[in-house]
Number of protein chains: 2
Amino acid sequence: MIKITLPDGSVRSYNDSLTAMDVAKDISEGFARNVISAKFNDVTIETSTLLTTDGNLILYTWRDDEGKKAFWHSSSHILAQALEELYPGVKLSIGPAIENGFYYDVDLGDRSISDKDFKTIEDKMLEIARGKHEFKMKSVSKADALSLYKEQGNEYKVELIENLEDGDITFCDHSTFTDLCRGGHIPNTGIVKAVKVLSVAGAYWRGDENNKQLTRVYGTSFPKQKELKEYLELLEEAKKRDHRKLGKQLELFAFSQKVGQGLPLWLPKGAALRSRLEDFLKKAQQKAGYEMVVTPHIGQKELYVTSGHYAKYGEDSFQPIKTPKEDEEFLLKPMNCPHHCEIYNAKPFSYKELPKRYAEFGTVYRYEQSGELHGLTRVRGFTQDDAHIFCTPDQLDTEFKNVIDLVLYVFGSLGFENFTAQVSVRDPENPDKYIGDVENWEKAEQAIINAASDKGLNYVIEEGEAAFYGPKLDFMVKDALGRSWQLGTIQVDYNLPERFDLTYKGSDNELHRPVMIHRAPFGSMERFVAILLEHTGGNFPLWLMPEQAIILSISEKYEKYAEKVLNLLENNEIRALIDNRNETMGKKIREAEMNKIPYMIIVGDNEEKDNKISVRQHGGEDLGMISITEFSNIVEAKINETLKQF
Amino acid sequence: MIKITLPDGSVRSYNDSLTAMDVAKDISEGFARNVISAKFNDVTIETSTLLTTDGNLILYTWRDDEGKKAFWHSSSHILAQALEELYPGVKLSIGPAIENGFYYDVDLGDRSISDKDFKTIEDKMLEIARGKHEFKMKSVSKADALSLYKEQGNEYKVELIENLEDGDITFCDHSTFTDLCRGGHIPNTGIVKAVKVLSVAGAYWRGDENNKQLTRVYGTSFPKQKELKEYLELLEEAKKRDHRKLGKQLELFAFSQKVGQGLPLWLPKGAALRSRLEDFLKKAQQKAGYEMVVTPHIGQKELYVTSGHYAKYGEDSFQPIKTPKEDEEFLLKPMNCPHHCEIYNAKPFSYKELPKRYAEFGTVYRYEQSGELHGLTRVRGFTQDDAHIFCTPDQLDTEFKNVIDLVLYVFGSLGFENFTAQVSVRDPENPDKYIGDVENWEKAEQAIINAASDKGLNYVIEEGEAAFYGPKLDFMVKDALGRSWQLGTIQVDYNLPERFDLTYKGSDNELHRPVMIHRAPFGSMERFVAILLEHTGGNFPLWLMPEQAIILSISEKYEKYAEKVLNLLENNEIRALIDNRNETMGKKIREAEMNKIPYMIIVGDNEEKDNKISVRQHGGEDLGMISITEFSNIVEAKINETLKQF
């Protein structure tokens, strides 16, 4: 008699051992048809694995991440078999499932694979898949395993096996193929209905550049052709929306090898866009009672020793700046908080004057290895839309809620409707990891959770994810392609007030410690603009667009009228420009479309006569011939759709 | 027969040798009464020196800097005599004239001088002065000079004399006093009618901290008591206007020992003030066709090797920043121009697209020794209101004039009415000092001179003062106390376009080099705010004031009405705050005066009843009971007095 407990807590009893798939079938035949992998007592198993003891069973379908992992891991076996058949003598090394697919690293000897070969590989994989071969695990002795691969001359598998214990070595067979494997497959190859080889790249054996370079073949696969098609469309769209590509095309930012990698140069249009974002936040912050401050981009090493940043980042970041005559050491600032603490310390405060809310678009510098740099999302210098709120413990709840309001306002005005929140709290089993007294922690965690609930946020609580100095709330937004990005963060901090000996005089005339809130709704200007670019594909909310309209005159004759229209638009605070190049209207429209300009204003004889303009929207919709006032109203209404008053 | 040539070119012939004063008397008895010092053939002489050859004679009065120098140098002899008489055995070392006075460094042994002794010293000096003792130079052999001071045990004079050549050693006598001296005195002590001992300080012998510390006695003196009085008032006023004092009092900025000396922290009110200045300039710049850019605060060392800054500043400035993993070196940027050149290089330009005008409030870092740091005027990090214009050589003239217009607009809007300009051109005798071809230089210099004339500037041309890369125009403003400050600068540069290989495609389809203009109307935000503080004493132009009005309610009863007034003022874009502390009206007014708030708005029973406000101006003027609209009009009119449309 064995008892199988399912994730919903229900228990099923069986007289005999049975496979995971048998349990699935017992639950329902329909469900079983979708089950593709399983875990038993927290160990990944095959669906055909015989369950011989009591235990917890989880059955996965394609909808589960674990199901996808098994699917793609199994697909990499199919890829390997296809490669063996197409490239006889190919030496396999490793082939894991990854996010959205899988790869296999192989040694092709003198041969190579190019994108011309992808179709052949895919066809071979589909042919194998259609055979509905079962994946079957078997134990192999170390000696046998070694001799198999030594015979094949496969030094990679030999090296892998040499590091394994005898008795722990398993292989997986399907069709005529066998491979060293830990397990975790779908029932048979037939479930894989659609495959795509995505790319090939060089990859050093074991990631070590002193080793031989192998060929990494990337692929993905799906249970339905339709899903593959959708995924490839998404990839294509993501490529088009790559912020590095769009940033160049729209002339927003550039990098210079001379200035240095990871150090963006904001070109005029990008700087203007960024400035609009900053002004937008400044305005909301002013209403919310923030005060702007300005602090230098360096500080004495001592400052960061005090703050603890030197201990945390010192060795791995930009090294200290020495002075020629005096024995001084400065660091590029990795964070603005120590400077803001020193601003707080510039004069004594009473509880009546709190909270103080110091905001700064503060540019910070953190060393990243050159290989990790990526456009504006991973840089070495970036500007945080930073602020630090210094308040009494009693004010924390209200202050925290106000920050949530501000963050939600920011997201709403920028078209991010879809977001989740994560409350990161202490690990209750490791109280020593955290500084500050328990009472304050409880208050702070409760303040965050209350605030998140009261504000109706869709949030999860993650234990053990708090910073050592306090709990926090992070916001994850989903972009137009369904990808998740971490944006704003709100953190509670009991640490820096202690380290910088921050005080205020309470109503009891005694000195007390304020609590600090760190917050950044955008996160950083660089990262935010990158995400906004990928989210909107460059079609920013209208209020943010570098150019909101472009005036195209039908011929030189109407250039004067075009100028007049431009002036009227500028009076209505609409950012516009004139394209008076000697090009066809068709070409001008195509380029305006490519430059994502929201409105194309065509002026010719009729328009001039009636003192009107013909307006075509980005994407093609024709708004007809209207007056400038009508157009201004359209623009204003469109702006007000996203940009609300705070 | 000797011929004496005067500065106006006129020549006077005399049969016999005669003194400089004789020549003065020959010109006019009245003029001679004012002559106090002289130069003959470019050598400083006494007015009693016998002229025995032909030569050029310049006669100085108190109005001349050279006259003042002789006056103060002579006064230091009088101070020394007074100290010898009051502190027998005092050892004299050196006592030069300085700006606005003189000092003498003396070794008082165990004694000391405090401000209680100043009056006694001044009285003794005046007693000596009234004796009308003539200053008489004499030659002394090295042996005699040494034996005199060795006898006195004065090791300082002994050391000075040991470094002199026998035959070159002169002394000056007056009354019973003698001193080693190179000469250049006024005729007699009687001309000194007013003296003031200003301060005492410690000063190491020869400025070397390994030497003995002497007592430096600072003083000043004037030919009229009235002039001394005016000068002391000016000093008093300057002390009150010291921007370091005002900056603290008005809570504009602070320094933190932890962050580091010379690295200002802009407090909320200061940051807001600075931001208003920046917005003001941004607006004007936008109209003038500038585009804002944003660049990082560091750049690879290589960037500054290319620009030439590394060769010029490298060793004496902040040292390179190394990275932990890769062999990279970065520098804090000392200037923004290399970054802007790289922005220009981010895409190719045709002549039709020029000029490009890239502006940035760019924070730069330059190492200064800690002893040289001074408030906001001498710092280690500062933000330039920088811009670089890239234009064709043909556009240079117009562009330069447009920059002058912008600079004049900025000065006018900030109440600096009084300024001079200096055109710095090549030294015609050292053509090799400069790079770029002669034709371009001539064009550029002529462009600057033409522009300065056309704009009706009060300018001087200084040969040899150009930068090696191009000529420039600097603006010197006089502040309210008559002190000169260098503010804006406009520079023409042929060097960086060459070094960064900047090009544009001309109408001939060939590549050409653009010319660069560097310009900064404020100079730097830090320096400008410091000067503005000292110029205005904190009474900034109304449009810049941190708070334009403060509302003082007569009692708690009117707090609601005060709130209503505040809202109405905010709607009229007037920055105001309420002082609702439980203090007397007298105290509130005094503090508002001290905080330089331009308008005090008093609300009580009458005001609330009539829906009006009573307004008192900073300085005391009563504007009576008026409506908010009337008040808004007053504020608007006052703002428009200085702040014009560009």
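Two residues are in contact when they have heavy atoms within 4.5 Å of each other. Keep in mind that this is a predicted model, where local features need pLDDT of at least 70, side-chain atom pairs count only at pLDDT 80 or more, and totals for chains, interfaces and linings use all residues. Residues are numbered from 1 along each chain as its sequence is written, chains are lettered from A and ligands numbered from 1 in the order in which they are written, and side-chain values use heavy atoms, with hydrogens and water left out.

**Exercise 1.** Find where B:T47 sits, and work out which residues it touches.

*Solution.* Start with the place: B:T47 is in the loop between strand 5 (43-45) and strand 6 (50-51) of chain B. (Strands are DSSP runs of E with at least two residues, helices are runs of H or I with at least four, and both are numbered from the N terminus.) Next, the surroundings: leaving aside residues up to four places away in sequence, B:T47 touches B:T19, B:A20, B:M21, B:V35, B:I36, B:S37, B:A38 and B:P187. Last, the burial: B:T47 counts as buried because its relative accessibility is 5%. (Buried means under 20% relative accessible area, exposed over 50%, and partly exposed in between, with a 1.4 Å probe and protein chains only.)

**Exercise 2.** Work out how chain B is related to chain A.

*Solution.* First, lay one on the other: a turn of 180° and a shift of 0.1 Å along the axis put chain B on chain A with an RMSD of 0.3 Å. So the two copies are related as by a two-fold rotation axis. (The fit is by least squares on the C-alpha atoms of residues with pLDDT of at least 70 in both copies.) Then look for the residue of chain B that comes closest to that axis: B:I321, at 2.7 Å (C-alpha).

**Exercise 3.** Describe the interface between chain B and chain A.

*Solution.* Count first: 57 residues of chain B are in contact with 57 residues of chain A. The copies meet through the same surface, because 100% of the interface residues of chain B are also interface residues in chain A.

Now the area: about 4600 Å² is buried between the two chains, with 63% of it from carbon and sulfur atoms. (Buried area is the accessible area, with a 1.4 Å probe, that two parts lose on being put together, summed over both.) B:K258, B:P268 and B:V294 supply 13% of what chain B buries against chain A, more than any other three residues.

Finally, the salt bridges: there are four between the chains. (That takes a side-chain nitrogen of Lys or Arg within 4 Å of a carboxyl oxygen of Asp or Glu.) One of them joins the side chains of B:E251 and A:K347, at 3.1 Å from N to O.

**Exercise 4.** Check the backbone at A:P355, A:R206 and B:K596 for unusual angles.

*Solution.* A rule of thumb helps: most residues other than glycine have a negative phi, and most peptide bonds are trans. Take the proline first: the peptide bond from A:L354 to A:P355 is cis, with omega near -5°. A:P355 is in the loop between helix 12 (337-344) and strand 22 (356-365) of chain A. In chain B, the bond from B:L354 to B:P355 is cis too, with omega near -5°.

Then the phi angles. A:R206, not a glycine, has a positive phi of about 60°, and this residue is partly exposed at 46% relative accessible area. B:K596, not a glycine either, has a positive phi of about 65°, but B:K596 is buried, at 17%.
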